[in-house]
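Student: I'd like to go through this structure and ask how each label is earned. Could you set the values beside the cut-offs for me?
Tutor: Happily; please put it up and we'll begin.

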Amino acid sequence: MMAESTFATEADLVTSFCASLAAQRGRQAWTPYHETGGFDLMLVQVGTGIQLGIEAKLAFNLKVMVQALPDLRWSDEGPDYRASLVPRGKVQAHLSDIAAQLGLGVIGHAVPHRH
């Protein structure tokens with residue numbers, strides 16, 4: 001079992017996550033846009049333009065899942081994919097399985113180790 005990660009604020013969680021993305025200079029680079037398109041974070045994949053809209057919360061629950069899902073009205077607007085970013089260990093049991101069935105990703109991010 002992984003230890004829980006704690007962040008003081010959602011902004012701290014997003015900042016830490018973006019720093020970890022920047023440190024992973026792989027073949028799929030992402031450009032982050034904070035507070036864009038109604039999301040806490042919008043990631044755009046370099047080269048493809050694929051968009052990932054992310055809602056950041058300090059715990060993942062049903063309210064957060066509903067907030068990250070597409071609006072119930074039919075629309076072609078919005079990102080290609082949607083996810084919720086939460087501290088690792090802050091997801092209610094089985095909720096990420098339900099989210100996956102709805103096409104919503106759940107990203108658990110850990111506090112970076114300090115050396």
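Student: How many salt bridges does the rule give here?
Tutor: The count is one salt bridge, and since this is a predicted model, that comes from computed coordinates.

Student: What makes the contact between the side chains of Glu10 and Lys57 a salt bridge?
Tutor: The N to O distance is 3.9 Å. The rule asks for a Lys or Arg side-chain nitrogen within 4 Å of a carboxyl oxygen of Asp or Glu, so the pair qualifies. In general, side chains of opposite charge can pair when their charged atoms come close.

Student: Why can we say that this pair ties together parts that are apart in sequence?
Tutor: Glu10 belongs to helix H1 (residues 10-23), while Lys57 sits in the loop between strand E3 (51-56) and helix H2 (62-68), so the pair links parts 47 residues apart in sequence.

Student: Why is Glu10 called partly exposed, and is Lys57 buried or exposed?
Tutor: Buried means under 20% and exposed means over 50%. Glu10 has 30% relative accessibility, so it falls in between and counts as partly exposed. Lys57 has 17%, which is under 20%, so Lys57 counts as buried.

Student: What about H1 itself: how do you know that its span is close to the expected one?
Tutor: H1 has 14 residues and reaches 20 Å from its first C-alpha to its last, and the expected value at 1.5 Å a residue is 20 Å.

Student: Which residues of H1 are buried, and what do they pack against?
Tutor: Leu13, Val14, Ser16, Phe17 and Cys18 are buried in H1. The buried residues of this helix pack against E1, E2, E3, E4 and E5.

Student: Which residues make up the largest nonpolar core?
Tutor: Twelve residues make up that core: Phe7, Leu13, Val14, Phe17, Cys18, Leu41, Leu43, Leu52, Ile54, Ala56, Ala83 and Leu85. At least two residues come from each of H1, strand E2 (39-45), E3 and strand E4 (81-87). H1 gives the largest share, four residues. Apart from this core lies another, of eight residues, including Phe60, Val86, Leu95 and Leu104. In soluble globular proteins, nonpolar side chains tend to be buried together.

Student: What makes Leu52 a buried residue?
Tutor: Its relative accessible area is 15%, which is under 20%, so Leu52 is buried. Leu52 is in strand E3. Leaving out residues up to four places away in sequence, Leu52 touches Trp30, Leu41, Met42, Leu43, Pro79, Tyr81, Arg82 and Ala83. Leu52 and Asp80 are 28 residues apart in sequence, yet their C-alpha atoms are 6.1 Å apart in space.

Student: And how do you know that Gly53 is buried?
Tutor: Gly53 has a relative accessible area of 0%, which is under 20%, so the label follows. Gly53 also lies in strand E3. Among the residues that Gly53 touches are Phe39, Pro79 and Ala83. From Gly53 to Phe39 the C-alpha distance is 5.9 Å, with their positions 14 residues apart in sequence.

Student: Why is E2 described as largely enclosed?
Tutor: Seven of the seven residues of E2 are buried, so the rest of the structure largely encloses this strand.

Student: What makes E2 and E3 a pair of strands?
Tutor: Pairing needs at least two bridges, and four bridges join E2 to E3, so they count as paired, running antiparallel. Leu43 has Leu52 as its bridge partner in E3. Their hairpin has five residues between the strands, and Gly47 there takes a positive phi near 95 degrees.

Student: How many bridges link strand E1 and E2?
Tutor: Strand E1 (residues 30-36) pairs with E2 over six bridges in the antiparallel sense. Tyr33 has Met42 as its bridge partner in E2. The hairpin of E1 and E2 has two residues between the strands, and Gly37 takes a positive phi near 60 degrees.

Student: What makes the approach of His109 to Phe17 a polar contact?
Tutor: The His109 side chain reaches the backbone nitrogen of Phe17 at 3.4 Å. The limit is 3.5 Å, so that distance falls within it. His109 lies in strand E5 (residues 104-109). His109 is buried too, because its relative accessible area of 10% is under 20%.

Conventions:
Residues numbered from 1 in each chain as written. Predicted model: local features only at pLDDT ≥ 70, side-chain atom pairs only at ≥ 80, totals over all residues. Heavy atoms only, no water. Buried < 20%, exposed > 50% of the residue type's maximum accessible area, 1.4 Å probe, protein only. Contact = heavy atoms within 4.5 Å. Core = buried A, V, L, I, M, F, W, Y, C linked by side-chain atoms within 4.5 Å. Polar contact = N/O pair within 3.5 Å; in protein donor to acceptor, adjacent residues only side chain to side chain. Expected span 1.5 Å × (residues − 1).
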